[in-house]
Amino acid sequence: MRILLPLFGLVTILSAYDFALIPKRVTPEVICFFGEPDVMNTTNNGNMVNTCYIDTKKSYVVIDSGSSYAYANSAYKEMQKIKALPVELVINTHVHDDHWLGNGFFAQMGVRVLGSDDFIHNARIDSPSRIQTHISPEAYALTIPTRPTEMISSDKMLKIGSLELQLHLMKKKAHSDKDLVVFLPKSKTIFAGDLVFNDRLPSLTGGDINGWIDALEELKKLEATTIIGGHGFRTDKKAAEMTYNYLTDMRTQVRAAIVSGISIDETVAKVTMPKYESYRMYKTLHRGNVEVSYRMLEWE
Ligand SMILES: [Zn+2]
């Protein structure tokens with residue numbers, strides 16, 4: 001026993017933090033990991049984002065690498081238990097750090113990582129990220145912020161095995177400066193990134209309410225039957241409705257307040273939208289969302 005104890009200690013130190021992620025099959029070819037619909041903290045340690053694996057039959061395509069090296073490692077390990085396939089490509093939907101800080105895990109394996117050219121301007125790789133300051137050091141260990149190896153500035157069509165992937169870049173600032181959406185035309189599946197939230201409120205900080213509504217209207221035209229957002233559990237064809245209704249309701253009410261000459265403070269106090277009170281993060285995000293919308297819409 002005395003001989004075994006030091007050995008056990010060594011193994012514990014060397015193994016990466018284990019998120020014990022639970023894979024959920026969404027379609028015959030898509031398995032996702034759904035995070036807590038909450039802010040990153042030391043309870044979820046960054047498991048508050050959705051990431052997915054698409055089975056191309058010969059390899060996996062990963063949609064968003066998650067919030068850390070350890071997160072990406074945990075998801076990869078779970079997928080290897082289901083089917084041992086190599087990861088051929090990782091796609092990043094946008095520059096917010098909970099969606100791509102796992103890139104380093106894949107880059108060290110030589111995997112191609114693709115994202116929009118917004119990563120050149122808006123991906124923070126040299127300062128402590130939000131994730132780094134909000135989760136435990138063990139969960140963040142080994143994370144090296146790594147930009148995509150290939151950055152695109154226009155839409156792209158990819159064929160991997162028998163799988164066709166359409167990469168659509170939103171034309172205007174929406175949730176972020178440049179949101180990338182992945183569409184699988186055969187199965188009518190959309191990976192919408194943070195254009196779609198469920199079970200919690202979205203944050204409008206850094207986004208544009210008009211561009212975001214326009215982007216969701218563009219997505220509607222694809223007539224998807226499966227819509228997977230960046231946060232929240234819903235994935236059916238109506239999964240984009242909560243975000244769309246929240247944004248359009250807010251725009252209507254804030255525009256009306258501006259037209260009536262109501263001040264920003266009064267508008268924030270008045271536009272409470274109680275229908276959304278039961279959603280997670282209402283208390284921390286809603287007032288700020290009304291304020292951001294007012295500042296944007298008063299210039300129309
Ligand atoms: Zn985001």
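Let's start with a single residue: K58 sits in the loop that joins β3 (51-55) to β4 (60-63). Please keep in mind that everything I show today comes from a predicted model. Is K58 buried or exposed? K58 counts as exposed, because it has just 12 C-beta neighbours inside 10 Å, and 12 or fewer is the cut-off for that label. Now look across from this loop to G161. K58 and G161 are 103 residues apart along the chain, and yet 6.8 Å separates their C-alpha atoms.

Let's move from that loop to the sheet. Here 7 strands form an open sheet, and if you walk across it you meet them in the order β1-β2-β3-β4-β5-β6-β7, with mixed pairing. Which strands stand at the edges? They are β1 (23-27) and β7 (150-152); each has a single partner strand, so one side of each is left without a neighbour in the sheet. From one strand to the next, the twist averages 25 degrees.

Let's zoom in on one pair within it. Strand β5, residues 87-91, and strand β6, residues 112-116, pair in the parallel sense, with 3 bridges. If you want a spot to click on, L89 stands opposite R112 in β6.

Two loop residues deserve a quick stop. A20 lies in the loop between α1 (4-14) and β1. Although A20 is not a glycine, its phi is positive, at about 50 degrees. A20 counts as exposed, because it has 7 C-beta neighbours inside 10 Å. The other residue is L142, in the loop between α6 (137-140) and β7. L142 is not a glycine either, and its phi is positive at about 75 degrees. With 14 C-beta neighbours inside 10 Å, L142 counts as partly exposed.

Now let's go inside. As a general point, nonpolar side chains in soluble globular proteins tend to be buried together. In this model, the largest nonpolar core has 76 residues, and C52, A192 and L195 are those with the most contacts inside it. Which helix gives the most to this core? That is α2, residues 69-82, with 7 residues. What does C52 touch? Leaving aside residues up to four places away in sequence, C52 touches V30, I31, C32, I63, F191 and I228.

Two more strands come next. In β12, residues 226-231, 5 of the 6 residues are buried, so this strand is mostly covered. β12 pairs with β11 in the parallel sense, over 5 bridges. Within that pairing, I190 stands opposite I227 in β12.

My last stop is helix α7, residues 209-220. At 1.5 Å a residue, its 12 residues should span 16 Å, and the end C-alpha atoms are 17 Å apart, which agrees. The buried residues in α7 are I209, W212, A215, L216 and L219. Why do they line one face of the helix? Seen down the axis of α7, they fall within an arc of 125 degrees, so they line one face. The general background is that an α-helix has 3.6 residues a turn, so residues three or four places apart point the same way. And what do the buried residues of α7 pack against? Their partners are β10 (180-184), β11 (189-197), α8 (241-259) and α10 (282-297). So when you open the model yourself, you could begin at K58 in its loop and finish at the buried residues of α7.

Notes: Residues numbered from 1 in each chain as written. Predicted model: local features only at pLDDT ≥ 70, side-chain atom pairs only at ≥ 80, totals over all residues. Pairing = 2+ DSSP bridges. Helix = DSSP H or I, 4+ residues; strand = E, 2+ residues; numbered from the N terminus. Axes fitted to C-alpha atoms, helices over the stretch in contact; angles between N-to-C directions. Buried ≥ 20, exposed ≤ 12 C-beta atoms within 10 Å, placed from the backbone. Expected span 1.5 Å × (residues − 1). Arc of directions from axis to C-beta. Contact = placed C-beta atoms within 7 Å. Core = buried A, V, L, I, M, F, W, Y, C linked by C-beta atoms within 7 Å.
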